[in-house]
Amino acid sequence: MNAVLASNQDTDRRAYERLEVAIFGRALLENTLEIPCQATSISPGEVAVVAAHKPVIGEHVIMYLDHIGRLDGKVVNLFDSGFAMTISGTARKREKLSARIEWLKAHNEFGLEDHRRHERITPRNINSEIKLTDGRAYPIEIIDISLSGAAVKTEVKPAIGSQITLSGMQGQVVRHFAEGVAIEFSKPAPLELIEKI
């Protein structure tokens, strides 16, 4: 790729407004490895995701995001928790993606609004455990919990994207932090179940 073309593509990417999102999906890498991911920001020109496995700069990736669909592109940046990739396509395809993003924004379908709306509480009993799909279980302390997710203190940190169960609620690990992990539930937890914890 020549320098002028690369510069034009960089300018195109920066021209689009990036929106913070919380959209789950999966990414197919060149070696056919399929990994779970979560988009954290998106524009018609680029998307950034959190993922346990990182591809290499320049690698072609096919991504499927909830509410968005298929995206094709190349990895342009790596960071501690994931990577960013360009979104390739014709001008018409970018227009359609832009319209889709605006529609989702208008209808609060990015997942962020629900997380902000659900108040997080510290449960009466903070001691619990998380269970992985392979049967392994680890003791944890619940830092806080809401209808949409929880932050837990744990010495063992399952990979981002790992499917887990906490107090009967299904979810997946979406973030690591110093003391433990953040969990997002697959569907809003029943209030009566949260209150029993």
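Among contacts in the protein chain between residues at least 6 apart in sequence, what percentage join residues at least 24 apart? The figure is 51%. The structure on screen is a predicted model, and this tour goes from the whole chain to single residues.

**The whole chain**

Select the protein chain. It has 197 residues, of which 41% count as buried. Colour by secondary structure, and four helices and 12 strands should appear. Switch to a surface view: the accessible surface comes to about 11,100 Å², and carbon and sulfur atoms account for 51% of that area.

**The barrel**

Next, select strands S1, S2, S3, S4, S5 and S6. These six strands close into a barrel, and going round it the order is S1-S2-S3-S6-S5-S4. The pairing is antiparallel. On average, neighbouring strands of this sheet are turned by 45° against each other, direction ignored.

For one pair in detail, keep S3 and S6 on screen. Five bridges join S3 and S6 in the antiparallel sense. Look for Ala48, which stands opposite Ala84 in S6.

**The cores**

Now show side chains. The largest nonpolar core has 24 residues. Ile42, Val47, Met63, Leu65, Ile68 and Leu71 have the most contacts inside this core. Two or more residues each come from S1, S2, S3 (46–51), S4 (60–65), S5 (69–79), S6 (82–86) and helix H2 (91–106).

Select Leu65 from that core and display what surrounds it. Setting aside residues up to four places away in sequence, Leu65 touches Ile23, Phe24, Gly25, Cys37, Ala39, Ile42, Val47 and Leu71.

A second core, separate from the one just seen, has 17 residues. Among them are Val50, Ala150, Val152 and Met169.

**Glu141**

Move to strand S8, residues 137–145, where Glu141 lies. Is Glu141 buried, partly exposed or exposed? Its relative accessible area is 34%, so Glu141 counts as partly exposed. Beyond its neighbours within four places in sequence, Glu141 is in contact with Ile126, Asn127, Ala151, Val152 and Lys153. Val152 was seen a moment ago as a member of the second core. Draw a distance between the C-alpha atoms of Glu141 and Ala151: it should read 8.8 Å, for two residues 10 apart in sequence.

**Ser162**

Continue to the loop between strand S9 (149–153) and strand S10 (163–166), and select Ser162 there. Ser162 has a relative accessible area of 18%; because this is under 20%, Ser162 is buried. A polar atom of the Ser162 side chain lies 2.7 Å from the backbone oxygen of Ala159. Not counting residues up to four places away in sequence, Ser162 also touches Gly171, Gln172 and Val173.

**Two residues with positive phi**

Two stops remain, both in loops. Ser167 is in the loop between S10 and strand S11 (169–176). Its phi is near 50°, a positive value in a residue other than glycine. With a relative accessible area of 28%, Ser167 is partly exposed.

For the last stop, go back to the loop between strand S1 (19–28) and strand S2 (34–42), and select Thr32. What is the phi of Thr32? It is about 75°, which is positive although Thr32 is not a glycine. The relative accessibility of Thr32 is 63%; because this is over 50%, Thr32 counts as exposed.

Definitions and conventions: Residues numbered from 1 in each chain as written. Predicted model: local features only at pLDDT ≥ 70, side-chain atom pairs only at ≥ 80, totals over all residues. Heavy atoms only, no water. Buried < 20%, exposed > 50% of the residue type's maximum accessible area, 1.4 Å probe, protein only. Polar contact = N/O pair within 3.5 Å; in protein donor to acceptor, adjacent residues only side chain to side chain. Contact = heavy atoms within 4.5 Å. Areas by Shrake-Rupley, 256 points an atom, 1.4 Å probe, with all protein chains shown as cover. Core = buried A, V, L, I, M, F, W, Y, C linked by side-chain atoms within 4.5 Å. Pairing = 2+ DSSP bridges. Axes fitted to C-alpha atoms, helices over the stretch in contact; angles between N-to-C directions.
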